[in-house]
Amino acid sequence: MALAGAGTASAATLSKNEYTNSSHLALIGVTPSLQASANYGQGIVFGVIDTGGLATQADLAGGINTASSACTITASTCPNSYAITDNNGHGTFVTSEMIARANGSGVVGVAPLASAIEMKVLNANGSGTSTSVAAGIRLAVDRGAQILNLSLTFLPTSDILSAINYAASRNVIIVFAGGNSAQPFQNSAMISGLTDKAIAQLFFMGSTNASKVLSTFSNTAGTGGFVSTTGKVSYFKDHWLMADGENLWGASNYCSAQYGCTYYTQMSGTSMAAPQGAAAAGLLAARWPFLLNTNPGGIVSIMMQTAQDLGVAGHDKTYGSGFLRVDLAFQPIGQLALATSGGVTSTSTATSTLSSGKTVALSGTAIGAGGPVGNLSGITRALSGIVAFDSYHRDFNVDLGSTVLARRTGSVVVPFQALSTDAVQRSVEFSDGSRLSYAGEMARPLFDPAEGAHRAGFGDSPLRRSSPRQWSMSMTSDGAYTGAGEGSGAAMSFSEARWIGASAFMGTDAEASTSLLGLVADTHYATAAFNLGRGERFSFASLRGEDASVTPLGNVPDAYGFAAAYTFLPQGDPAWQVSLTAALLGESQMLLGSPSAGGLSFGRNGSTSVGVATNFNLGSGYQLGLDAVTAVTRTGTSSTSIISDMSDLTSVGFGAVLSKTGVASDDDSLSFTLRKPLRVISGTASLNVATGNDLWGNAVMERRSASLVPTGNETDFGATYGMMVSDGVSASLHAGARLDAEQVAGALDLGSMLQLRMAF
């Protein structure tokens with residue numbers, strides 16, 4: 001049975017730049033940078049089932065495997081040398097579209113570092129038999145071809161169908177020209193005899209012009225299809241792509257009386273579209289070799305899914321799946337996911353292969369860094385050079401470091417700010433000396449540790465969240481104190497409960513012992529305190545986050561805390577008081593107040609702290625307060641996180657305040673504060689991150705260590721002057737600075753705030 005080469009040719013002299021000559025590459029989205037990302041197709045072997053290919057042609061030199069090329073034309077004399085000399089020219093042209101070298105002249109192929117095996121199955125006239133074609137398919141596969149290009153008419157004879165099944169069984173992709181008869185492919189017949197695997201790895205190419213309009217000669221996908229050996233029906237339109245097939249430049253060896261011998265020419269036909277599809281499959285296989293090894297049908301599926309839709313929306317009988325777009329095929333399909341530590345086969349520092357790992361969606365993966373851990377620069381560095389995987393398990397580089405939301409560096413200067421009217425505190429004094437207070441919005445000091453990455457009086461940080469609900473209520477009577485609230489005021493309420501107004505710490509944020517209570521924002525909390533006699537006092541506080549704990553990453557499902565303090569307050573006019581505090585904080589998906597989600601989840605962690613505070617009454621209205629705390633965090637991890645484990649963390653904090661009442665009048669006060677906020681001083685995290693795929697599609701994992709010690713060591717300075725303006729109205733002026741703000745080296749904050757408070 002005769003087979004006709006699908007193409008027409010005209011000879012001309014070529015004198016243009018190679019990429020200009022190959023302008024059809026831009027139409028299908030092939031650029032030098034994309035080719036480079038696939039190493040220009042190096043390692044891929046094409047089987048060109050055609051008229052042979054001129055191995056000595058300048059653009060093909062070194063690209064044709066002469067030892068493996070052969071002639072399979074039957075019933076005629078055809079030395080194997082004919083396969084690398086090409087007495088027609090069609091096969092040389094087709095080969096150049098795929099592998100023409102980027103040598104600065106002539107043309108360039110889609111995969112210019114790939115190689116080709118030439119199977120000469122057509123004679124000098126471009127004709128041949130199905131027997132020769134089938135033999136060429138089998139021999140090309142046996143000699144190592146991974147993708148077959150058949151720019152010739154598809155005839156579903158039993159020997160060709162059998163050869164296609166054989167090729168597919170060896171994980172080979174098969175590409176046919178769609179034909180130049182300007183009619184529906186195969187007259188829309190339903191063809192039987194191919195396996196499901198063969199159909200998955202087979203597709204056809206139709207032709208358009210450079211404007212992506214159907215060529216007048218091109219066949220169309222039609223309404224026919226395949227019925228596999230298992231009875232499954234597949235339609236041609238789902239295995240059909242288009243590419244520019246008109247007046248393309250390519251390498252050749254044409255000689256004519258008019259032009260003489262020239263080594264470049266122009267040709268048109270679906271034969272010119274087919275090698276673009278075959279070579280595009282080769283680039284995908286070069287970039288992700290495991291697909292060719294384990295799922296060559298996946299490569300075909302990717303190309304069909306990413307084609308540019310033409311004509312009727314969706315896959316249609318004219319353009320099939322649409323116009324070939326290699327650039328889109330190199331983009332992720334589906335939701336990107338991270339490979340987690342769950343399936344890593346080795347815990348050594350060397351790379352290892354993920355044999356049965358889990359994945360977690362990349363979307364929603366983030367850390368809101370701040371507080372004692374600073375900007376988590378160690379984890380940010382450990383997240384460089386890692387990959388995520390699409391639905392075909394192809395690896396794509398991701399900048400996961402950008403998902404660590406944190407203060408970086410720089411300075412912030414903010415002028416005076418008046419406290420808003422919704423922050424007015426209401427107090428009622430009773431005749432027995434007891435007092436009831438209520439605030440609809442907590443009146444917080446300038447540097448409030450409960451504010452996380454955003455502090456009152458300073459500009460927005462990357463972690464700025466919408467304003468949470470803030471309220472507090474307290475009742476004092478004969479030394480007893482009860483309080484409750486919602487928001488971030490647990491630490492302040494606990495301070496008020498344990499000192500009952502008798503210390504320099506009141507109205508400041510200098511206390512360190514209460515640090516754990518201030519790390520989780522937007523909680524429900526309750527506090528209580530009572531005197532034990534002989535100047536002793538016991539206080540406790542509890543908080544619960546649940547879904548009320550709003551963070552930059554959403555609601556935290558679980559957070560709880562508890563603190564207790566024993567405070568010695570001698571009767572009379574004591575020279576000193578002391579308070580011992582113990583606290584615990586349990587967190588889920590948070591680490592010392594830094595929220596996490598998705599593939600960077602911290603899991604469940606528990607922190608305990610002990611602190612000691614002393615207050616010295618120096619006389620004449622002077623008081624000096626000193627407070628220090630140390631905390632230990634027992635860490636946990638999540639099975640869906642790339643953070644595989646963390647060591648225990650140690651944190652410390654310190655505060656000092658000097659206050660003076662009666663500075664210029666009997667009812668004014670002045671205080672100076674020095675504060676070292678709670679900061680991690682030791683602790684590391686281990687991350688198992690994916691850096692790529694192996695030849696079988698398994699994720700290659702690398703174990704990395706990241707220090708959790710911040711780059712900076714924050715020091716806060718503050719000054720507050722307060723005075724009574726009139727009955728029930730007081731005013732406070734706050735000013736301060738933070739060096740290494742948010743525990744970030746080099747970050748500086750300066751600010752001031754005017755605060756008004758009315759009691760009635």
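Which residue in β38 is the bridge partner of Gln577? It's Asn615, and the first close-up below starts from that pair. A quick note before the views: this is a predicted model, in which local features need pLDDT of at least 70 and side-chain atom pairs count only at pLDDT 80 or more, while totals for chains, interfaces and linings use all residues. Residues are numbered from 1 along each chain as its sequence is written, and side-chain values use heavy atoms, with hydrogens and water left out.

**View 1. Strands β35, β38 and β39.** Helices (H or I, at least four residues) and strands (E, at least two) are DSSP runs, numbered from the N terminus, and two strands pair if DSSP finds at least two bridges between them. Here β35 (residues 576–588) runs antiparallel to β38 (residues 604–619), with 13 bridges; the Gln577–Asn615 pair belongs to this pairing of strands. On to the next pairing: β38 is also antiparallel to β39 (residues 622–634), again over 13 bridges. Gly606 has Arg634 in β39 as its bridge partner. A turn of 2 residues links β38 and β39 into a hairpin, and Ser620 in that turn has a positive phi of about 55°.

**View 2. An open four-stranded sheet.** Reading across, the 4 strands come in the order β24-β21-β37-β36, and the pairing is mixed. β24 (404–405) and β36 (590–591) each have a single partner strand, so these two stand at the edges with one side lacking a neighbour in the sheet. Look at β21 (residues 366–368) and you'll find it parallel to β24, joined by 2 bridges. Gly368 sits opposite Leu405 of β24.

**View 3. The Cys71–Cys78 disulfide.** Searching the whole structure turns up 1 disulfide (a pair of cysteine sulfur atoms within 2.5 Å). It links Cys71 and Cys78, with an S to S distance of 1.7 Å. The torsion about the S-S bond is about 110°, so this disulfide is right-handed. Cys71 counts as buried at 12% relative accessibility, and Cys78 counts as buried at 15%. For the cut-offs, buried means under 20% relative accessible area, exposed over 50%, and partly exposed in between (1.4 Å probe, protein chains only).

**View 4. Gln57 in its loop.** Gln57 is in the loop between β3 (45–50) and β4 (70–71), and its 2% relative accessibility makes it buried. A polar atom of the Gln57 side chain is 2.6 Å from the backbone nitrogen of Asp59. Contact here means heavy atoms within 4.5 Å. Not counting residues up to four places away in sequence, Gln57 touches Ala251, Ser252, Tyr263 and Tyr264.

**View 5. Helix α8 and the nonpolar cores.** The 18 residues of α8 (270–287) reach 26 Å from first C-alpha to last, close to the 26 Å expected at 1.5 Å times one less than the number of residues. Of those 18 residues, 17 are buried. A nonpolar core is a set of buried Ala, Val, Leu, Ile, Met, Phe, Trp, Tyr and Cys residues joined through side-chain atoms within 4.5 Å. The largest one has 149 residues, and Leu148, Ile379 and Leu687 have the most contacts inside it. α8 supplies the largest share of this core, 11 residues. Another core, of 7 residues, lies apart from it and includes Trp499 and Leu569.

Notes. Polar contact = N/O pair within 3.5 Å; in protein donor to acceptor, adjacent residues only side chain to side chain.
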